[in-house]
Amino acid sequence: MLRFCVPVFFMISGALFLAPERELSLRTLWRRNIPRLLVAFACWSLFFALVEVYGPGGSRDLGELAQRFFTGHFHLWFLLALTGMYLVLPLLRAIVRDRATAWYFVTLAGPFAFVLPLLEHLPVVGEVLREVLGTMRVQLVLGYSAYFVLGHLLSRIELSRGRLRWIAATGALGAASTGLGTSLVSRAEGASDELFLDFLTPGVALASVAVFCLARACWRDERGRLPPIAAALAANSLGIYLVHPFFQWVYRQFGITTEFATPLVSVPLLAVLVLIPSLAVSVLLRHIPGARRVIA
């Protein structure tokens, strides 16, 4: 149900960076936006590498430290993916200048980025499909660019309550299909299979669109402002994301994992226990001169 998290991040970024009223020169992009992401990646990658190599049970090996630093902690892929989006921002901004072209871009991404790659896993048919798609090489609409453009488009329209209900229903259907698909393929494989948990799958995409649209419609007052708690979390969301695996690691050192109770209890409780100190660290870094850059 929570797989919408990263796609919504991309959609918010698209809504902000693709806005036509926002000036964004190549000079600004290369001298400020991209370097900030790379600085954040380097700082957090070094931090987590030091924790894993020199923390309890670590190898204390300089070679492993260097390897972990350059490859990055597992969750830092998002910064590199966002850097990739920044690189193509000028092209995406050109695409969204024409509304029809932007919707065509998203429509084309539907089958090629979300549906057909999933069908490649089917027996026999999937092999043929994989060969055909490999020959076509439709690369432009692949990856997370569709979420970027979609975030921009959805942020520029006002949806009626009737349409919001339909979007909510399709989002619930998407979340349900993600859970059902994951359960079925995992049972078939005899082990956990994350095929349907990929961010570029139809179920996750439908849920992400629903969350984006409903949050935008429901979490603002008549002046368009967020409630104070939501605004505080929004301002620190990326910082929370970057630091939260550290507190997961800390709790694991004391044997506190999701296995201490049924997941219906342990997952929400551990999420809160991770959220609170992560929020505190993000707020602290945002108020330390010069340290704000490490949370991008």
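Is F199 buried or exposed in this structure? In the predicted model, F199 has a relative accessible area of 12% and is therefore buried, the cut-off for burial being under 20%. The surroundings of this residue are described below, followed by two individual loop residues and the internal spaces of the model.

The structure contains 17 aromatic pairs. In one of them, the ring centres of W77 and Y144 are separated by 5.8 Å and the ring planes meet at 35 degrees, so the pair is classed as tilted. W77 belongs to helix α4, whereas Y144 is found in the loop between α7 (125-136) and α8 (145-155); the pair therefore ties together parts that lie 67 residues apart in sequence. The two partners fall into separate accessibility classes: W77, at 28% relative accessibility, is partly exposed, while Y144, with a relative accessible area of 18%, is buried. W77 also forms an aromatic pair with F199, and this pair is stacked, with 5.9 Å from centre to centre and 25 degrees between the planes. Distant parts of the chain are again linked, since W77 is in helix α4 and F199 is in the loop between α9 and α10, 122 residues away. Both pairs involve members of one aromatic cluster, which is formed by F9, F10, W77, F78, Y144, F199 and Y241.

The loop between α3 (62-71) and α4 (77-87) holds H73. With a relative accessibility of 11%, H73 counts as buried because this value is under 20%. A polar contact of 3.2 Å joins the side chain of H73 to the side chain of E52. When neighbours within four places in sequence are set aside, the residues in contact with H73 are S45, F48, E52, R68 and P245. E52 thus appears both in the polar contact and among the contacts of H73.

R97 occupies another loop, the one between α5 (89-96) and α6 (99-119). In this case the relative accessibility is 68%, so R97 counts as exposed, the cut-off being over 50%. Between R97 and L180 the separation is 83 residues in sequence and 39 Å in space, taken from C-alpha to C-alpha.

With regard to enclosed space, one cavity of 30 Å³ or more is counted. The largest cavity has a volume of about 50 Å³. Its lining consists of M1, L2, R3, F4, A175, T178, G203, V204 and A207. Helices α9 (161-189) and α10 (202-218) each contribute at least two residues to this lining, and the largest share, three residues, is supplied by α10. Sorted by class, the lining of the largest cavity comprises six nonpolar residues, two polar residues and one charged residue.

Among the pockets, the second largest holds about 370 Å³ of space. This pocket is lined by 17 residues, of which V106, L150, A205, L206 and V209 are the closest to its centre. Two or more lining residues come from each of the elements α6, α8, α9 and α10. The largest share of the lining of the second largest pocket, seven residues, is provided by α6. In terms of class, 14 of the residues lining the second largest pocket are nonpolar and three are polar, with no charged residues present.

Conventions. Residues are numbered from 1 along each chain as its sequence is written. This is a predicted model: local features need pLDDT of at least 70, side-chain atom pairs count only at pLDDT 80 or more; totals for chains, interfaces and linings use all residues. Side-chain values use heavy atoms; hydrogens and water are left out. On a 1 Å grid over the protein atoms alone, a cavity is a set of points where a 1.4 Å probe fits but cannot get out, and a pocket is an open set with protein on both sides within 12 Å along at least five of seven lines; lining residues have an atom within 4 Å of a point. Grid points are joined across faces, edges and corners, and a volume is the space filled by probe spheres set on the points. Helices (H or I, at least four residues) and strands (E, at least two) are DSSP runs, numbered from the N terminus. Ala, Val, Leu, Ile, Met, Phe, Trp, Tyr, Cys and Pro count as nonpolar, Asp, Glu, Lys and Arg as charged, and the others, Gly among them, as polar. Buried means under 20% relative accessible area, exposed over 50%, partly exposed in between (1.4 Å probe, protein chains only). A polar contact is a pair of N or O atoms within 3.5 Å; within protein, one must be able to donate a hydrogen and the other to accept it, and residues adjacent in sequence count only if both atoms are side-chain atoms. Contact means heavy atoms within 4.5 Å. Rings of Phe, Tyr and Trp (its six-membered ring) pair if their centres lie within 6.5 Å; planes under 30 degrees apart count as stacked, over 60 as edge-to-face and the rest as tilted.
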